[in-house]
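Reader: Could you pick one part of this model and walk me through it slowly? I'd like the close-up before the overview, and a word on how far to trust it.

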Amino acid sequence: METVKLDKFGRVLIPKSMRDKLNVDADQDLQLSIQDGAFVLTPQRSAVLKIVDGLPLLEVEAVVEIEDVNDAIDLVRSERDEQLSGL
């Protein structure tokens with residue numbers, strides 16, 4: 001746990017070591033909520049899976065849980081494997 005200060009504009013600097021642990025970029029959107037009397041910042045993970053020439057391509061657009069993206073990639077891989085095994 002680290003201690004940070006709120007500046008006069010209500011901003012908080014998130015230490016780089018913590019941003020790096022969560023892979024949070026400078027322009028990334030964060031969701032702010034209050035849980036059990038504490039502020040909670042949650043990075044929004046956003047991606048849309050598109051199929052281009054039979055290959056999965058991730059584009060940043062809509063909020064999607066990472067597990068959903070991984071499930072989509074697994075589905076694309078299994079469909080591709082089925083197509084290749086039929087050759």
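**The nonpolar patch on the hairpin**

Author: Let's go to the surface, where Leu30, Leu32, Ile34, Phe39 and Leu41 make a nonpolar patch of about 560 Å². Both β1 and β2 give two or more residues to the patch, and β1 has the largest share, with three. A word on terms: patch residues have over 30% relative accessible area and no salt bridge, with nonpolar side chains (Val, Leu, Ile, Met, Phe, Trp, Tyr) joined within 5 Å and like charges within 9 Å. A salt bridge here is a Lys or Arg side-chain nitrogen within 4 Å of an Asp or Glu carboxyl oxygen. Areas are Shrake-Rupley values with a 1.4 Å probe, and for residues only the protein chains shown count as cover.

Bear in mind that this is a predicted model, where local features need pLDDT of at least 70, side-chain atom pairs need 80 or more, and totals for chains, interfaces and linings use all residues. Numbering starts from 1 along each chain as its sequence is written, and side-chain values use heavy atoms, without hydrogens or water.

Now the strands underneath. β1 covers residues 30–35 and β2 residues 38–43; they run antiparallel, joined by six bridges. (Strands are DSSP E runs of at least two residues, helices H or I runs of at least four, numbered from the N terminus; a pair needs at least two DSSP bridges.) Two patch members meet across this pair: Ile34 has Phe39 in β2 as its bridge partner. Two residues separate the strands of this hairpin, and Asp36 in the turn has a positive phi of about 50 degrees. In general, side chains in a regular strand alternate between the two faces of the sheet.

Leu41, for its part, sits in β2. Its relative accessible area is 45%, so Leu41 counts as partly exposed (buried is under 20%, exposed over 50%, partly exposed in between, with a 1.4 Å probe and protein chains only).

Stepping back, the chain runs α-β-β-β-β-α from the N terminus. Of its 87 residues, 9% are buried. The chain exposes about 7,700 Å², with 54% from carbon and sulfur atoms.

As for trust, pLDDT (the predictor's confidence per residue, from 0 to 100) averages 78 over the chain. You're in luck with this hairpin: β1 has the highest confidence, at 90, whereas β4 (residues 55–63) has the lowest, a mean of 56. Where pLDDT is low, predicted coordinates shouldn't be read in detail.
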